[in-house]
Amino acid sequence: MKLLIDRLVAGPQGAAPILLLALGAALAGGAAVVIGELSMYVGARVQRAVTLHVQSGLSRRVNRLVGLRHFEDPSYQDRMRLAAQAADTTPNETAMFALEGLRQGIAVTGFVGTLIAIWPPIGLLLLAAAVPAYLGQRATAHRHAAAAQAMSPVQRRQYYYRSLMTERRAAKEVRLFGLGDFFHGRMMATLTRGTNVELAVQRRAALIQSGIAVLNAVVGGIGVGVVAWRAARGSATVGDVTLFVAAVAALQGALGGLLSSLGRVQAGVLLMRHYTAVMDGTDDLVDGTNPVPPLRHCVELRDVWFRYSPAGPWVLRGVNLTIPVGQSVGLVGLNGAGKTTLVKILCRLYAPERGVILWDGVDIATFEAAQLRRRISATFQDFVTYDMTVRENIGIGDLSKMDDADRVRRAATACGLSGAVDELPEGYETMVSLSFFGASENRGVMLSGGQLQRLAIARSVLRDGADLLILDEPSSGLDAMAEHHLHATLSARRAGGTSLLVSHRLGALRDADLLVVLSEGEVAERGTHDELMAAEGVYATLFSLQATSYQDDRVTQRVDDVVGLAHAGGIIRLDS
Ligand SMILES: Nc1ncnc2c1ncn2[C@@H]1O[C@H](COP(=O)(O)OP(=O)(O)OP(=O)(O)O)[C@@H](O)[C@H]1O
């Protein structure tokens, strides 16, 4: 371009050299565009591959967490969010920076060379200007990273309020209690707080950028002034001036872009510390390595003490409990007595602070947790309903049987669910969800609370090879008829199996081989139903309380009639 201008300024020229130079300039421009597009495409491929790799590593790491404590720690939740955010953006930013750096780096080297060739001292001036620009950018990057960290809990709160207003789970109560404006107000307050933090960082960044721009303008101005002055004195050409002006503008643009890209990478790298912290972080439970043999004798809790936090109250206080193989143990207690906690410890979702849990005499802490859990089949009180098909919802209990339609159907039948499923538009392939369409774009369905509970229990039933069956409040959502049937079915299936049952409906547990009453984290009573009734303690009081509320002279005859009818003709459908 410089040659072209100098030729034109020098006076009339032949057409061929001018056209040749113009063609050269056009080709150079075109090549730059093509290289730019190519590098964008390669960059997109690279960044996609890196993001997939990093995101996959993060999910695998989280999946490897043995215990539950991290999931109940807000600061870990924040860290996870930042790690995911960093994993999402930093590889992109870095790939972009690498490509931009390559592209702009070549351009910058060319421009700097050109400028130095025209007026060498500009090199020093540019260097002097680059140092504060870099430092300013670095300070901005640190502020961005710090703001992202400070914002994480605020954003989680904001998403939480938004989800309450937009998702199905709270829609009922939000309308019933008129909570829409209340949650909207809270969401806006957190949003405003977050925006203020971000704006403060942006303000600061704008100030720094303005300072850098002024510095660049001064350096550029000095350079252009000197070269123009030299041209006026005849020691430089007009082409030199034109080239210098263009190179200064292009250089400053390229450097600005590079620096801000570098700033984003620096902020991303700072955020990636959260990613590495998650990836390299220790688990709250150390996983064992030993294989888990089939249960032959018993599971025993020996002097187990547990609390959810070091400063919190003891939830289990020296619990001793044996679950002999082939027997059913019923766990009873008031709300908050520690029943579910005990179940979670048995599944090694937490470790006891003192005492041990022995599996045929071996501390379960030495076992590989995943293997131990494969030997246990548990349904929790707060079970999950997945936005998947009925078959998948049951198959979740044993992934190896998820596609075995027959096994899934048998598990559903055992829980009295098959009739209801058959009536669904796509049977077992019906989506249990109001958020997603099914495979054939059919709308999903929502089952009743009791049906969902049976779906969850069917998962445990599907896992029929397990050594220990744990049911935590399996029938709380079932109607009386369903409960009766379910217990009859489960008792039959449990025969000879080992089980731990937790229930507030004491009638459902009276046939258990052993009943254990937990009170404020301690075993208060143990024995069979008859023994505990004779002892006239807590169990007898609770049982009598429940029994008296049902007492009516007409009851016995009616129950006999109903159960007799059900057994005779199957006319009482559990899944009706
Ligand atoms: N994740 C947790 N973090 C902190 N405390 C907890 C947690 N889960 C339960 N707790 C506390 O531990 C105590 C025992 O709870 P747990 O759920 O084991 O009782 P429960 O006997 O199963 O009660 P319910 O009959 O109501 O189901 C309660 O005081 C509860 O507040």
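**View 1. Polar contacts between the ligand and the protein in the predicted model.** An oxygen atom of the ligand lies 2.5 Å from an N or O atom in the side chain of Thr341, in a model that is predicted. The protein covers 63% of the 630 Å² of accessible area that the ligand has on its own. At Gly336 the backbone takes part, with an N or O atom 2.8 Å from an oxygen atom of the ligand, whereas at Asn335 a polar side-chain atom is placed 2.9 Å from a ligand oxygen atom.

**View 2. The shell of residues around the ligand.** Fourteen residues make up the surroundings of the ligand, and those that come nearest are Gly336, Lys339, Thr340, Thr341 and His504. Sorted by class, this shell holds 7 polar, 5 nonpolar and 2 charged residues.

**View 3. The second largest pocket and its position between the domains.** This pocket, with a volume of about 1000 Å³, is lined by 30 residues, of which Leu349, Arg373, Phe380, Tyr386 and Arg463 are the closest to its centre. Because domain 1 (1-280) and domain 2 (298-558) both give residues to the lining, the second largest pocket lies between them.

**View 4. Elements and residue classes in the lining of the second largest pocket.** At least two lining residues are supplied by each of helix H2 (15-64), helix H9 (369-374), strand E6 (376-379) and helix H13 (449-462), and the largest share, 4 residues, comes from E6. In terms of class, the lining of the second largest pocket consists of 17 nonpolar, 7 charged and 6 polar residues.

Conventions. Residues numbered from 1 in each chain as written. Predicted model: local features only at pLDDT ≥ 70, side-chain atom pairs only at ≥ 80, totals over all residues. Heavy atoms only, no water. 1 Å grid on protein atoms, 1.4 Å probe; cavity = no way out; pocket = protein on both sides within 12 Å on 5 of 7 lines; lining within 4 Å. Points joined across faces, edges and corners; volume = space filled by probe spheres on them. Nonpolar A, V, L, I, M, F, W, Y, C, P; charged D, E, K, R; others polar. Domains from an automatic or database assignment. Near = heavy atom within 4 Å. Polar contact = N/O pair within 3.5 Å; in protein donor to acceptor, adjacent residues only side chain to side chain. Areas by Shrake-Rupley, 256 points an atom, 1.4 Å probe, with all protein chains shown as cover.
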